Amino acid sequence: MKNVIEDVACASCCCVCDDARVTTDGQQITEVQTTCPQGQAWFDWSPQSALLQPSIRGTAVSHTEAIQRAAELIQQAQSPLIYGMYQSATDAQRAAISLADQIGATIDTGAASATRALQQAGEASCTLGEVRSRADLIIYWGADAFRSTECHRNNMNQGESVSSRKIVTISGEKTDDSDNVDQSIVLAPGNELELIWCLRALLKDIDLEQNAASGLSTTDLQSLVSLIRQSKYIVFFFGPEFKQGPFAHHNIEALSLLVREIQAERRCHTLNIPGVGETRGAETVLAWQTGYAASVNFAAGYPRYSPREYSANQMLEQTETDLCILVGAQPLSGLSELALERLAEIPVILTGPAVQEQLETEAFLPTGISGIHFPGVIYRLDGTPIPLRGYLPTDLPSEADVLNEISAQLKRA
Ligand code: SF4
């Protein structure tokens, strides 16, 4: 029976657009109306996920056997690691944290640098709705890919402040549509801190020497400072390019300081655009469950936080873990090359709606997709929880079901 569902949320990326129109025949999606190719691909994935089967070392087994094998592996492990949760709904994130607590594991979300900085310096943030309605200056820093998505452009091209709004981009290279913005700044990677410090000085009327921020003329800097001074509500979108390198958290801390100073005279907020593998939401769930937003270890029987010691990359690179439990659709993104090499040397349990071809898994437990097969809640990039609907039937369990079943199996053993 044909069923048309309006305003369906897409959970493929951190934008969580909730305006897709989905038509189903009761069993499958027959048509999706969305403006985004990535979103289209996400909706198209559901038939493939339905074909997935539980397996042990690549051999198809029953769901019960795979659960039992996963529980055995956890019982044998000394230092398990739980990682991923990108695109997972909050019930799966809660189940993953609960399992980590039960088995004394380390759990990491892949958003370590941002959460580390924001725990130090705080975050002045807002919703996308506020940006759309009120911002008269938007600065995209290392977020060109996000700025050019059709969904974001359509979203921002609404509201009363569109006509008077100024746009500034700061990125490592000149982009195709640099001419369409009010100021385009090309900044060599690694100079973010220097630029922030120059802006802080100029906003306090402290004179700078010529070319104070590598490659940037004082005229460019003064022009940006003038735009900031002329504006009432400024929003910085900072993206993956801004957060590159081992000291990314220092860039985010410095930006928070700049925002705090600008706020003395006008409204100013930041919005973090997650990069590939960076979750948005898992860190919120982790923070409300444990008090820490990333890199949490339960080995002592209570949560301990140490971003250097307990980040997934660090745990894998230093061979500090002997079992990895990967959760979600893209659980390998965000891992370094060395971490991936080390991952191939230890047993892996994977639960999610997709196989990872490049990785041999000891136990694979396929799931349906939250937002297609299961209802739930997922966090948008601005921290707004968006409800997901489940409108297609599936024989597969949800990620939360699998994690809770493993937990129950361990309690029975
Ligand atoms: S931009 Fe919107 S429609 Fe496209 S993948 Fe992201 S959430 Fe889905």
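Guide: Before we begin, one term: contact means heavy atoms within 4.5 Å. Please also bear in mind that this is a predicted model.

Visitor: Understood. What do the buried residues of helix 9 pack against?

Guide: They pack against strand 8, strand 9 (166–171), helix 10 (218–230) and helix 11. The buried residues themselves are Glu192, Leu195, Ile196, Cys198, Leu199, Arg200, Ala201 and Leu202.

Visitor: How far apart are the end C-alpha atoms of helix 9?

Guide: They are 17 Å apart. Helix 9 covers residues 192–203, and at 1.5 Å a residue its 12 residues should span 16 Å, so the two values agree.

Visitor: And what phi does aspartate 205 take, just after that helix?

Guide: Aspartate 205 has a positive phi of about 65°. Most residues other than glycine have a negative phi.

Visitor: Which other residues depart from that? What is phi for aspartate 7, say?

Guide: Aspartate 7 has a phi near 50°, which is positive although the residue is not glycine. This aspartate belongs to strand 1 (residues 3–8). Glutamine 87 is another case, with a positive phi near 70°, and is located in the loop that separates strand 6 from helix 4.

Visitor: Buried or exposed: what is aspartate 7, and what is glutamine 87?

Guide: Aspartate 7 counts as exposed because its relative accessibility is 51%, and exposed means over 50%. Glutamine 87 has a relative accessible area of 17% and is therefore buried, the limit for that being under 20%.

Visitor: On to the sheets. In what order do the strands of the 5-stranded open sheet run?

Guide: The order is 10-9-8-11-12, and the strands pair in parallel. Strand 10 (183–186) and strand 12 (267–272) form the edges, each pairing on one side only. From one strand to the next, the twist averages 15°.

Visitor: How many bridges join strand 8 to strand 11 there?

Guide: There are 5, between residues 137–141 of strand 8 and residues 233–238 of strand 11. Tryptophan 141, for instance, has phenylalanine 238 in strand 11 as its bridge partner.

Visitor: Which strands does helix 11 lie across?

Guide: Helix 11 (residues 248–262) lies across strand 8, strand 11 and strand 12, and runs at about 175° to strand 11.

Visitor: Then there is the 9-stranded sheet. What is its order?

Guide: That open sheet is ordered 5-4-17-16-15-6-7-13-14, with mixed pairing. Strand 5 (59–60) and strand 14 (304–305) are at its edges; each has a single partner strand, so one side of each lacks a neighbour in the sheet.

Visitor: In which sense do strand 13 and strand 14 pair?

Guide: Strand 13 (residues 296–297) pairs with strand 14 in the antiparallel sense, over 2 bridges. Asparagine 297 has arginine 304 as its bridge partner in strand 14.

Visitor: What about strand 15: how many of its residues are buried?

Guide: 5 of its 5 residues are buried. Leu323, Ile325 and Val327 are on one side, Cys324 and Leu326 on the other, and both faces are covered.

Visitor: How does strand 15 pair with strand 6 and with strand 16?

Guide: Strand 6 (residues 80–84) is joined to strand 15 by 5 bridges in a parallel arrangement, with leucine 326 as the bridge partner of tyrosine 83. Strand 15 also pairs with strand 16 in the parallel sense, over 4 bridges, and cysteine 324 is opposite valine 348 of strand 16.

Visitor: Which strands does helix 3 lie across?

Guide: Helix 3 lies across strand 4, strand 15, strand 16 and strand 17, at about 130° to strand 17. Its buried residues are Ala66, Ile67, Arg69, Ala70, Ala71, Leu73 and Ile74. Among the elements they pack against are helix 4 (90–103) and helix 15 (399–412).

Visitor: What is glutamine 409 of helix 15 in contact with?

Guide: Leaving aside neighbours within four places in sequence, glutamine 409 is in contact with Ile67, Gln68 and Ala71. Glutamine 409 counts as buried because its relative accessibility is 19%.

Visitor: Last topic: which residues surround the ligand?

Guide: The surrounding residues are Cys10, Ser12, Cys13, Cys15, Val16, Cys17, Thr34, Cys36, Gln38, Gly39 and Cys151. By class, this shell has 7 nonpolar, 4 polar and no charged residues.

Methods:
Residues are numbered from 1 along each chain as its sequence is written. This is a predicted model: local features need pLDDT of at least 70, side-chain atom pairs count only at pLDDT 80 or more; totals for chains, interfaces and linings use all residues. Side-chain values use heavy atoms; hydrogens and water are left out. Two strands pair if DSSP finds at least two bridges between them. Axes are lines fitted to C-alpha atoms, for helices over the stretch in contact, and angles run from 0 to 180 degrees between N-to-C directions. Buried means under 20% relative accessible area, exposed over 50%, partly exposed in between (1.4 Å probe, protein chains only). A residue is near a molecule or strand if one of its heavy atoms lies within 4 Å of it. Ala, Val, Leu, Ile, Met, Phe, Trp, Tyr, Cys and Pro count as nonpolar, Asp, Glu, Lys and Arg as charged, and the others, Gly among them, as polar. The expected span of a helix is 1.5 Å times one less than its number of residues.
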